[in-house]
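Work through these exercises with the model open beside you. Try each task before reading its solution.

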Amino acid sequence: MNEKASTAGAASGTAKSHGLLAEYRTPGALIAASKRVRDAGYRHWDTYTPFPVHGIDRAMGIKMTGLPWIVLACGLLGCGTGIWLQWWTNAVDYAWIISGKPFWSLPANVPVIFELSVLFSATGALFGMLALNGLPHPSHPLDLSARFAGVTSDKFFLLIQSSDPRFDERETRALLQETEPAGMEELPEGPGLDDRLPAYWTYAMVILAVLALVPFGLIAKARAEKSSQPRLHAIGDMDWQPKFKAQRANLVFADHRAMRLPVEGTVARGELFDDDHFYRGKTSSGAWARTFPKQVEPSDELMQRGNQRFGIYCTPCHGQLGDGNGMITQRAQDIGQVWVPPTNIADERLHRQPVGQLFNTVSRGLRNMPAYGAQIEPMDRWAIVMYVRALQRSRHANLSDLPEADRASLK
Amino acid sequence: MAIWTEANPFLDPPAGENSFSRITHNVTRVAEAEKPPKAWFIALGISSTMLAIFGISIAYVFWNGIGSWGNMHPVMWGFPIVNFVFWIGIGHAGTLISAILFLLRQTWRTAINRFAEAMTIFAVMCAGIFPGIHVGRPWLPYWMFPIPNQMSMWPQFRSPLEWDIFAVGTYFTVSLMFWFMGMIPDLATLRDRATSTPRRLIYGILAMGWRGSSRQWHRYERAYLILAALATPLVLSVHSVVSFDFATSQLPGWHTTIFPPYFVAGAIFGGFAMVLTLAVPARQFFGLKRLIAIRHLELMNKILIATGLMVGYAYGMEFFISWYSGSPYEGFAFVNRAFGPYAWAYWTMVTCNVLIPQLHWFKEVRTNPWATLAIGIAVNVGMWFERFVIICTSQSRDFLPSSWGYFIPTPFDYMTLCGSFGLFFTLFLLFCRYLPMVAMAEVKAAHPDAHAAHAQAHAAVTEAARA
């Protein structure tokens, strides 16, 4: 541009000129002038306005910018980056099973693909605009014109550069005069305003640059030297924690124990057992209950259940009939061991016992009979008691107790 | 009460020989005045104190760990995530005003778009801090970014929390670029009017040599349009992605498909309330009543009613769906919200967000700046409580009654919350003082004088065609 300007300046025989600058009062006047200059066939010219003037693009013959294509390319690049980044990191380089999902499933990756497309497009829009506009553009001959400072407030300008092939000192001036500008001046080609930094800025920047080197110097020193001191632990990373470690005293609690007792009165879920009749076989007065609790409804099913449970838990000692002649008793007698045979449950004493007491014996054991409360659910214990009552009855039965049909079969 | 009675030079009519230069003067005199109004100093004093509280509380939390906050099983998200969602929502109105209203050709937006955009930037900055400090080990959040590392590990892109990183990161970057690009011509105005070297240098660097060339304006306007078109789906995606943090979980009260639109509507609602909260004092103290007129406040108040009703609808629909789903856990979560231990927060939310904005149906209320300010503040409170209700009630009582709990914030929770407002207002006050608070170039382009000549030319052409 400088070369062209200097040849133009030399041809016109004056000092180096950048071009002719005309000022207008209103956007309308500028549009009208622009049309004239456009029609005169100038190419190196421009208008300057404080805001985008509606309709000036057509008046100046500005062609549609290629910026949207740049943005499209950036957007596609962002989209591709989103796909590639997620596929490569999560499906190839660091494949990791999460909730049994496939390594590569597009729906979960859409948000990031979308965001990266937008990010790349927007970056392309801003930086593409700046690049196409030649910004940043620190210094310009226009800066030498005092009146031009108003361009960012309320003034409108038109500049025809002397580098334009059609530029002619007199003709161009005449053309601009016809557009009735509010003012006109010849713009010298120059370095623009003094754009050197003030001295204190330079010093400040030098000092800052030197200070910025200090951390790097310290790092280099640390890498080169050896030290007998442990390294600085600037970031704790939870390396020291007041917690219990196996085989050591626990410093968190005053008694140095890690296992804590539950709070007094703690009851586990569903273990309140506040129904004495059902859980302990007792009435409210503390005596053995003579009736089955209301939860236990006699039925064939329950009796079958009792039979089965009795078979599992009781028969090894008490035998199938409850007479105390179970497998274990037989074996003990075979090998001649000292053995107290289990009680015959058909015993008159047991026959008279309330059901609550039988339930208690099943639950908590008696003499060398172990407690079964921990192994058998309460309802099953009641089922066993019910079956025991049936056994007792059968051991003391008369012919009249049998149904008609069975009586006949016995005869 | 000297601040009300003192002679405020910003209240004088702006000087200038035409409407364009009057607009220039009206806006630039705030940045060029030797002394801003006393109210500005008082506000800056308060906000920078709050900012100091922010610094202290974060330093304390870093040193002692996040146990300093009330975050405790079962409410592990607590205030930090409530604040994160609150601040990210505030930002949305700025983008809505600058992008969506631009695409809809709503020229009245030019009065408020610049500082609404600034509000967006500062709000997203506040928001971005919270997930970073909430992770507990502030030297490790870089793990959330896909940076090659010695562990040979990569972030998990199937996690909504990872989507958040990209959504919020993109949102901040794009908002910042949009804001900065919009300011380039106005920074050039400040550069050209600068009388001292430092001002000329700083504004000059920021303006990048903008001289208002029409060939540059052409590309600039195209870029602005493209950025607006990109920011529109972006802003809708950001709060949708934030809502996925909740919606993709299994927790009753979170696991719901209404969240994305509900969050976006709430964000715009809360953001507009914040714009109004900032605009009313700013126009009062900086003499911008000619640029930010009552008409603009009224239009924003109408948007406030509309979005407030959307939010109210969402509250109702959540209840309906929790019953309609037939899930006892969902049903319990919502009954517990309204009538459980957090009922006070729920009804604060309903009052502030649904009931109070209904006052704007009266023209006297929506054209009164101080009523506008009061209702704006109420909505901000309500929107904070909305996030509190969503996070704390759902986490405090989930499937297993044995793990129920009640969230009790500590003083550090309140300090961090109050401090984030300090950061926001400090940045905003500095912006008011040192950057062009109103988009001058856009206001001028929307001014009737910018079109008068053009209209005449059109008329002449039509006349000629007729003849």
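The exercises below treat confidence, overall form, interface, cores and one tryptophan.

This is a predicted model, in which local features need pLDDT of at least 70, side-chain atom pairs count only at pLDDT 80 or more, and totals for chains, interfaces and linings use all residues. Residues are numbered from 1 along each chain as its sequence is written, and chains are lettered from A in the order in which they are written.

**Exercise 1. Assess the confidence in chain A.**

Start with the mean. pLDDT is the predictor's confidence in each residue, from 0 to 100. Chain A averages 87, and 94% of its residues reach 70 or more. Then find the weak stretch. Residues 1-14 of chain A have pLDDT below 50. That stretch still has 19 contacts in the model beyond near neighbours in sequence. (Two residues are in contact if their C-beta atoms, placed from the backbone, lie within 7 Å.)

**Exercise 2. Decide whether chain A is a compact globule or more spread out.**

Take the rule first: 2.2 Å times the number of residues to the power 0.38, compared with a radius of gyration over C-alpha atoms. For 411 residues the rule gives 22 Å; chain A has 52 Å, so it is more spread out than a compact globule. Next, check the box. Along the principal axes, the C-alpha atoms of chain A fill roughly 150 × 70 × 45 Å. Finally, count burial: 29% of the 411 residues are buried. (Buried means 20 or more other C-beta atoms within 10 Å of a residue's own, exposed 12 or fewer, partly exposed in between, with C-beta atoms placed from the backbone.)

**Exercise 3. Describe the side of chain B that touches chain A.**

Count first. In chain B, 57 residues are in contact with 59 residues of chain A. Now find the main supplier. H8(B) gives the largest share, 16 residues. (Helices are DSSP runs of H or I, at least four residues, numbered from the N terminus.) Last, sort by type: 30 nonpolar, 19 polar and 8 charged.

**Exercise 4. Trace the contacts of B:Val174.**

Leave out residues up to four places away in sequence. On chain A, B:Val174 touches A:Val118, A:Leu119 and A:Ala122. On chain B, B:Val174 touches B:Leu230, B:Ala231 and B:Leu234.

**Exercise 5. Is B:Trp347 buried, exposed or partly exposed?**

Locate the residue: B:Trp347 sits in helix H12 (residues 343-355) of chain B. Count its neighbours: 16 other C-beta atoms lie within 10 Å, so B:Trp347 is partly exposed.

Terms used
Helices (H or I, at least four residues) and strands (E, at least two) are DSSP runs, numbered from the N terminus. Ala, Val, Leu, Ile, Met, Phe, Trp, Tyr, Cys and Pro count as nonpolar, Asp, Glu, Lys and Arg as charged, and the others, Gly among them, as polar.
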